[in-house]
Amino acid sequence: MTNQNANSGLNRRDFLKAGGVSALALTLGSTGVMGLSSTAFADSADNPTSGFGGYGDLVPDPNGILDLPKGFHYKIISREGDLMTDGTKIPGAFDGMAAFEGQNNTTILVRNHELSSGPAFGRNPYDPNAQGGTTALVVGANRKVIKEYVTSSGTIRNCAGGATPWGTWLTCEENRSEGHGYVFEVDPTQPENDMSKTPIKEMGRFSHEACAIDPATGYVYLTEDASPSFLYRFIPNNLSQKPGALQKGGKLYAAAIEAVADPSASTFKTGQTFKIVWKEVNPHWCREEAAAQNCIVFSRLEGAFFQEGVFWFDDTSAGDKKLGRVYRYIPHTNTLELFYEGNDARQMEYPDNICCTPWGDLWYAEDGSGQDRIMGITPEGKVYPFAANRLSGAELAGPTFSPDGNTLFVNIQSPGKTFAIWGPFQRRNAARAREMSFAAPANLAPQVSEEVAKAAKAQGMSILEAAAFERHGVKMN
């Protein structure tokens, strides 16, 4: 069975009615495109977001742990082997993480532990012989941990996952052994409840990495950490967007492109856009059925994040130089696009977990062979460093911002450390986040015909907005 949502007949008027996307396109400013002439930039020279390109050079950390830009500070708020509130030891292998708003101006962090076989560390495990799971940290306004506790246990290789719009965490097993390979929903305010040990089997049994939810529809997008790997979408039966709703089941689909004969994403070029066909797959044999139905083959998918109408995900070892790629999928236009490809290890080397900043940039944590970093990409296409891990062989993981946007939390996987980082972060900027959603891929200027330019002028649109519409298949009529 095939489920196809292509909007091939969509015109600008219909497009503007599609909730969420209208704001994305209509607020596109000069920062949405690289390579424009000075005249084009002059059209919106008063745009206060133009020109932001990071925080400057990194300052060597005298403690030899984490280099940050000038003016930024960090503290280690949790360490593997220290004691949680109940006196048991904090498990290791820190990985994916999300931040939720707690009571009394607190932040609740939910953190994955990418552990495999061994006795479960929790009291109500899904499998007593599986050592993975999740913990939570209640962090006060002073960035001190008030409470630390187990939220789920008895799972295997909890690598990444994703936050839900309704305040829970989806923790994903990067494993496919018997009885495992599933997604579990964790409520940080209801630790180790029955929901946390109930696998959402219809979301697929495969080597999960990350997931992200479109708040407009409740659809879940999932990446697979395998080689080769596939991109999935889960449509829940219950779209109420409440804790436990995903356990009501649904249908799982894998992404395909019928317009091309070769399903390998390795042939994609920066800026190419494709209409996706979502092909239904059996959740238990999703990987096999995706391959049989000629679905898109990626190298090895990792991080996922949803912001301002766009699903972002990365392929850690893809591209001509095998340094990684970042893709963008826009559900409202059913369009997949290669947004950025690493061609220089100084700018990208094996992107893993990703997040979008409160001011709109895309950040990725690297998992390369050398010094791992947190790197950012702006809507203008500029790549910049934010942090560098000085500890040899220690992976950075789980970057996530506090709800107020003032603190970045991130992990070093082993030996496990959770950091709180603060300093002169840019202020929250929804307009810039929307610009990122429709920015042209790095180093690609918009190409619009004279006919489109005339249509844009007649409708009171900027050339930049017209370029965004055209790039995503919307007719200018």
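Two strands count as paired when DSSP finds at least two bridges between them. With that in hand, let's walk through this structure, which is a predicted model.

A good place to start is strand β23, residues 362-366, and strand β24, residues 373-377. These two run antiparallel and are joined by four bridges, and two bridges would already be enough to call them a pair. If you would like a spot to look at, find Ala-365, which stands opposite Ile-374 in β24.

Now step back to the sheet around them. β23 and β24 belong to an open sheet of six strands, with the order β2-β3-β25-β24-β23-β22 and antiparallel pairing. At the edges stand β2 (58-59) and β22, and each has a single partner strand, so one side of each has no neighbour in the sheet.

How does this sheet fit into the protein as a whole? The secondary structure of the protein comes to seven helices and 28 strands. The chain has 477 residues, and 60% of them count as buried. Its contacts also reach across the sequence: among those between residues at least 6 apart, 58% join residues that are at least 24 apart. On the outside, the protein exposes about 18300 Å², with carbon and sulfur atoms supplying 48% of that area.

Strand β22 also brings us to the largest pocket, since β22 (351-356) is one of the elements that each supply at least two residues of its lining. The others are β5 (94-101), β9 (158-163), β12 (208-213), β18 (301-307), β26 (396-401) and α5 (430-438). Which of the elements gives the largest share of the lining? That is β5, with six residues.

The pocket itself holds about 1000 Å³ of space. Its lining is made up of 41 residues, and those nearest the centre are Ala-163, Phe-305, Phe-306, Gln-307 and Cys-356. As for the chemistry of the lining, 25 residues are nonpolar, 13 are polar and three are charged.

For a last stop, look at Asp-127, in the loop between β6 (107-113) and β7 (132-139). Which residues does Asp-127 touch, leaving aside those up to four places away in sequence? They are Ala-120, Gly-154 and His-180. Ser-153 can also be found from here: Asp-127 and Ser-153 are 26 residues apart along the chain, and their C-alpha atoms are separated by 7.7 Å.

Note on methods. Residues are numbered from 1 along each chain as its sequence is written. This is a predicted model: local features need pLDDT of at least 70, side-chain atom pairs count only at pLDDT 80 or more; totals for chains, interfaces and linings use all residues. Side-chain values use heavy atoms; hydrogens and water are left out. Buried means under 20% relative accessible area, exposed over 50%, partly exposed in between (1.4 Å probe, protein chains only). Contact means heavy atoms within 4.5 Å. Accessible areas come from the Shrake-Rupley method with a 1.4 Å probe; for residues, only the protein chains shown count as cover. On a 1 Å grid over the protein atoms alone, a cavity is a set of points where a 1.4 Å probe fits but cannot get out, and a pocket is an open set with protein on both sides within 12 Å along at least five of seven lines; lining residues have an atom within 4 Å of a point. Grid points are joined across faces, edges and corners, and a volume is the space filled by probe spheres set on the points. Ala, Val, Leu, Ile, Met, Phe, Trp, Tyr, Cys and Pro count as nonpolar, Asp, Glu, Lys and Arg as charged, and the others, Gly among them, as polar.
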